[in-house]
Amino acid sequence: MMVANDNVYMARAIQLAQKGTYTTNPNPRVGCVLVKDDQVIAEGWHKRAGGPHAEVHALQQAGEMAKGATAYVTLEPCYHQGRTPACSQTLIDAGVKRVVVAMQDPNPLVSGKGLLQLQEAGIETESGLMSSQAEALNPGFIQRMREGRPWVRCKMAMSLDGRTAMASGESKWITGEAARTQVHRLRARSSAIVTGIGTVLADDPSLNVRLDEPAPEGGWREPVRVVLDPNMSLPVSSKLLMQPGRTIVVTATDDKDREGELLQAGAEVIHLPAPGGAIDLPELLIFLVNEEMNEILLETGATLSGAMLSAGLVDELIIYMAPHLMGNGARALFNLPGLENMDDRIDLNIKDIRAVGNDWCITCEVINIKM
């Protein structure tokens with residue numbers, strides 16, 4: 001039974017979970033608040049994969065005071081022993097009397113079992129408080145567990161008339177510094193950045209995280225860089241191969257000599273061919289899920305982004321719109337052939353519009369996903 005101030009304490013737990021936005025991958029972001037006699041006695045959040053979970057941080061802070069307390073947790077306490085002990089048993093051992101969770105864990109190893117173990121130990125449990133806010137913390141983890149696919153964000157920058165580059169390909173810079181900084185935050189929270197070989201050959205991007213703001217404990221985590229390169233055309237001198245962390249080249253060809261050169265340069269090579277010499281995009285997402293990747297940032301041009309949209313593989317669009325006009329000779333936002341009738345439209349749900357410096361950022365959820 002929900003009681004007064006439950007919402008207040010759960011809102012604080014959600015705030016704490018957000019502190020792990022850039023560090024918990026592939027684990028979910030989780031926050032925990034311990035309350036006794038209507039006073040917060042301890043707080044914790046999951047800081048890094050392999051480290052203590054949110055409940056453990058809070059219980060360690062509370063010590064003996066945890067006995068008889070209420071725990072507010074954004075995600076059902078884990079039931080299984082992994083790299084860390086099961087949190088449900090840890091809460092039982094600490095003597096808490098009540099556990100309020102925002103949502104059940106979608107992980108089939110846990111779902112419902114953590115709550116059941118608490119109930120069998122005589123602990124009162126509640127579930128579902130502020131569940132939508134809790135789900136928003138972990139879109140990729142939740143979708144990976146429920147549907148076997150990561151959450152794919154497509155980031156694009158355009159002029160007010162919907163253009164992404166001049167006819168020559170010149171595109172630096174469409175948006176201002178504030179928008180570009182926000183993109184680096186998107187990179188930092190993502191498991192991987194996916195781009196196409198056309199973008200790499202045209203721009204030679206580093207696809208790393210460059211932020212001049214205080215880094216989380218342990219520094220900024222670099223996302224995996226994934227290049228869709230059907231013919232293995234990636235130059236070994238590419239900047240992205242000079243960055244720390246993993247670079248994966250996904251190809252549709254079988255050229256052992258080129259593959260050897262890329263391996264020697266530090267890349268990993270994955271073969272996912274589709275008919276016509278293309279890359280199998282649905283299989284790409286399956287591969288990324290098997291690599292425990294939650295949130296994917298698609299940073300590419302109109303062709304690959306259009307292909308991903310057409311295949312129903314994009315969950316969210318983040319469009320930065322700059323206050324200038326580039327003319328009808330400039331390049332369009334997406335290549336979407338085959339949309340002949342109004343019924344063919346790709347429907348979007350605008351979730352947020354806000355100013356970012358002198359630009360506007362529009363966040364849309366793609367409604368008619370085909371998978």
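This is a chat about a cavity, a pocket and a surface patch in a predicted model.

Trainee: How many cavities of 30 Å³ or more turn up in the whole structure?

Mentor: The search finds 1. Keep in mind that we're looking at a predicted model.

Trainee: OK, and what volume does the largest cavity have?

Mentor: About 90 Å³. It has 15 residues lining it, and Asn25, Asn27, Arg29, Asn294 and Glu295 are the ones nearest its centre.

Trainee: How does that lining divide into nonpolar, polar and charged?

Mentor: You get 8 polar residues, 4 charged and 3 nonpolar.

Trainee: Switching to pockets: what's the volume of the second largest one?

Mentor: That pocket comes to about 1000 Å³. Its lining takes in 32 residues, with Ala136, Arg153, Arg189, Glu316 and Lys351 closest to the centre.

Trainee: Which elements give two or more residues to that lining?

Mentor: Quite a list! Among them are helix 1 (6–18), helix 7 (177–189), strand 6 (151–159), strand 15 (316–322) and strand 17.

Trainee: And the classes in the lining of that pocket?

Mentor: There, 13 residues are charged, 11 nonpolar and 8 polar.

Trainee: You mentioned strand 17. Which isoleucine has its place there?

Mentor: Isoleucine 353 does, and the strand covers residues 348–356.

Trainee: Why does isoleucine 353 count as partly exposed?

Mentor: Because its relative accessibility is 48%, and partly exposed is what lies between the buried limit, under 20%, and the exposed one, over 50%.

Trainee: Which residues form a nonpolar patch with it on the surface?

Mentor: Ile350 and Trp360 join Ile353 in that patch, and together they have about 320 Å² of accessible area.

Conventions:
Residues are numbered from 1 along each chain as its sequence is written. This is a predicted model: local features need pLDDT of at least 70, side-chain atom pairs count only at pLDDT 80 or more; totals for chains, interfaces and linings use all residues. Side-chain values use heavy atoms; hydrogens and water are left out. On a 1 Å grid over the protein atoms alone, a cavity is a set of points where a 1.4 Å probe fits but cannot get out, and a pocket is an open set with protein on both sides within 12 Å along at least five of seven lines; lining residues have an atom within 4 Å of a point. Grid points are joined across faces, edges and corners, and a volume is the space filled by probe spheres set on the points. Ala, Val, Leu, Ile, Met, Phe, Trp, Tyr, Cys and Pro count as nonpolar, Asp, Glu, Lys and Arg as charged, and the others, Gly among them, as polar. Patches are made of residues with over 30% relative accessible area and no salt bridge: like charges are joined within 9 Å, nonpolar side chains (Val, Leu, Ile, Met, Phe, Trp, Tyr) within 5 Å. Accessible areas come from the Shrake-Rupley method with a 1.4 Å probe; for residues, only the protein chains shown count as cover. A salt bridge is a side-chain nitrogen of Lys or Arg within 4 Å of a carboxyl oxygen of Asp or Glu. Helices (H or I, at least four residues) and strands (E, at least two) are DSSP runs, numbered from the N terminus. Buried means under 20% relative accessible area, exposed over 50%, partly exposed in between (1.4 Å probe, protein chains only).
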